[in-house]
Amino acid sequence: MEAGAGSSSAKLVAACVIGGIVLGASVVALHLAGPVAIPALPPVDALRRRFRRGRRRPVRVYMDGCFDMMHYGHCNALRQARALGDELIVGVVSDHEITANKGPPVTPLHERLIMVRAVKWVHDVIPDAPYAITEDFMNKLFNEYNIDYIIHGDDPCLLPDGTDAYALAKKVGRFKQIKRTEGVSTTDIVGRMLLCVRERSASDSHNHSSLQRQFSHGHGQKIDDSGSGSGTRISHFLPTSRRIVQFSNSRGPGPDSRIVYIDGAFDLFHAGHVEILRLARELGDFLLVGIHTDQTISSTRGPHRPIMNLHERSLSVLACRYVDEVIIGAPWDVSKDMITTFNISLVVHGTIAENMDFMKDDLNPYAVPRAMGIYRRLESPLDITTSTIIRRIVANHEAYQKRNEKKEASEKKYYDSKSFVNGE
């Protein structure tokens, strides 16, 4: 036993001695060889740069405009522009620049900014953009805003001296063209209102009813009751199911979504509409908007309304980022069946409207949701109605008449010489 124990102890001592010799030799070798550089981890910024290089930089496109009395044609242009890139940056021309190049705007800059920012295809906005893209501004777009392409419609945009406003962008190969939306322009809409004003002053009831029929059905006759020989184009808009799908959202409400409902005419869709829709959307997860028929509006607001027909108004509302879904031709009364069908949690209405007299009537359209305890009035952020826009036109009637006559001539030239442009 003792002999075996002595042998084991000797082996252990020998192993320790040999291990010590090896370790010592290693230390001596490292010392003689000098310091060994241990590779450092790359800094966080370097890792981020490598990660970014591995991803494709988003294509940023720029489109500018006056966006005066913004309508579904503007929205469709922005939709097409966004389809040409990943991020759409929109320049909104200043009031001063519009006045100098086209005549006075109907809607001031702050209202136009609200409208453009609310379009669901817009990523960011540049206020006070110049009417003509100068070389300095173009370089700013490319270098500071990282813009890849400048976009405009196929209709010519000429400066007062007759030159192309986008000549520089075309020269450097950074210009892309989209298809102009058929059947609408700010000139056209202003013309409708000017015609409406002239018709209201006439005593011929036949003219009144004729005007309303044309607004409601989108007839394209030219009407000339001014004696000047210039006709005002009534809606040429040709609604298609594809256009409605392009503007619509592909998602519906979830099973537990809080669905908020708001209805109205939404005629001459303006900043007041946008702001009340924004507030309504904040009250739930899904905003359902009911748009009344032309006949309903005419019966409640007079034979000269609406200015825009049902399909035109529907597209303008659908383009708003706060809206999830619309009912095209919503009923005047909000019924129990409708609330159940759409699983509506809350019905809202603003404090600013064309006519609030219906709230005093026994036949209140919101009687059912009020009885159910799901009705709420929202304080409207802006004191703007469709009549506000019309009053602005009337107040500056002569200036807008001259502006329209000039624009109608250029639009007629465009339509007479236009050719097919492939676009969505």
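What lies over the face of Phe142, and at what distance from the ring centre? Arg174 does, at 3.8 Å from the ring centre. For a charge to sit over a ring here, NZ of Lys or CZ of Arg has to be within 6 Å of the ring centre and within 35 degrees of the ring normal. Lys170 offers another case: its charged end sits over the ring of Phe175, 5.0 Å from the centre.

A word on the ground rules. This is a predicted model, in which local features need pLDDT of at least 70 and side-chain atom pairs count only at pLDDT 80 or more, while totals for chains, interfaces and linings use all residues. Residues are numbered from 1 along each chain as its sequence is written, and side-chain values use heavy atoms, with hydrogens and water left out.

**The overall picture**

The protein has 17 helices and twelve strands. These are DSSP runs numbered from the N terminus: helices are H or I with at least four residues, strands are E with at least two. Of the 424 residues, 46% are buried; buried means under 20% relative accessible area, exposed means over 50%, and partly exposed falls in between (1.4 Å probe, protein chains only). The protein exposes about 22000 Å², and carbon and sulfur atoms supply 55% of that. Those areas come from the Shrake-Rupley method with a 1.4 Å probe, and for residues only the protein chains shown count as cover. Take the contacts (heavy atoms within 4.5 Å) with a separation of 6 or more: residues 24 or more positions apart account for 78% of them.

**The five-stranded sheet**

Five strands make an open sheet in the order 10-9-8-11-12, with parallel pairing. Its edges are strand 10 (325–330) and strand 12 (375–378), each of which pairs on one side only. From one strand to the next, the twist averages 30°. Two strands count as paired if DSSP finds at least two bridges between them. Strand 11 (residues 344–350) and strand 12 run parallel and are joined by four bridges. One residue to look up there is Gly350, whose bridge partner in strand 12 is Leu378. Helix 13 (residues 310–318) packs on the sheet, where it touches strand 9 (286–292) and strand 10, and its direction makes about 160° with that of strand 9. Axes for such angles are lines fitted to C-alpha atoms, for helices over the stretch in contact, and the angles run from 0 to 180 degrees between N-to-C directions.

**Aromatic pairs**

The structure holds five aromatic pairs. Rings of Phe, Tyr and Trp (its six-membered ring) pair if their centres lie within 6.5 Å; planes under 30 degrees apart are stacked, over 60 edge-to-face, and the rest tilted. Two of the pairs are set out here.

| Pair | Geometry | Centre to centre | Between planes |
|---|---|---|---|
| Tyr62 and Phe137 | edge-to-face | 6.0 Å | 65° |
| Trp121 and Phe247 | edge-to-face | 5.2 Å | 80° |

Why does the pair of Trp121 and Phe247 tie together parts that are 126 residues apart in sequence? Because Trp121 lies in the loop between helix 5 (109–117) and strand 3 (124–129), and Phe247 lies in helix 10 (residues 241–247). Trp121 counts as buried at 15% relative accessibility, and so does Phe247 at 0%. Tyr62 sits in strand 1 (residues 60–65) and Phe137 in helix 6 (residues 135–143), so that pair ties together parts 75 residues apart in sequence. Tyr62 is buried at 0% relative accessible area, and Phe137 is buried at 11%.

**Helix 5 and its cover**

Helix 5 has these buried residues: Leu109, Glu111, Arg112, Leu113, Met115 and Val116. What covers them includes strand 2 (87–93), helix 4 (95–101), strand 3, helix 11 (271–281) and helix 16 (386–395).

**Some backbone details**

Gly153 is in strand 4 (residues 149–153) and is buried, with a relative accessible area of 12%. Not counting residues up to four places away in sequence, Gly153 touches Gln177 and Ile178. The C-alpha atoms of Gly153 and Lys176 are 8.6 Å apart, with these positions 23 residues apart along the chain counted as their separation.

Arg305 and Pro306 are joined by a cis peptide bond, with omega about -5°. Pro306 is in the loop between helix 12 (294–301) and helix 13.

Asp128, in strand 3, has a positive phi near 55° although Asp128 is a residue other than glycine. Asn146 also has a positive phi, of about 55°, and is not a glycine. Asn146 is found in the loop between helix 6 and strand 4 and is partly exposed, with a relative accessible area of 40%.
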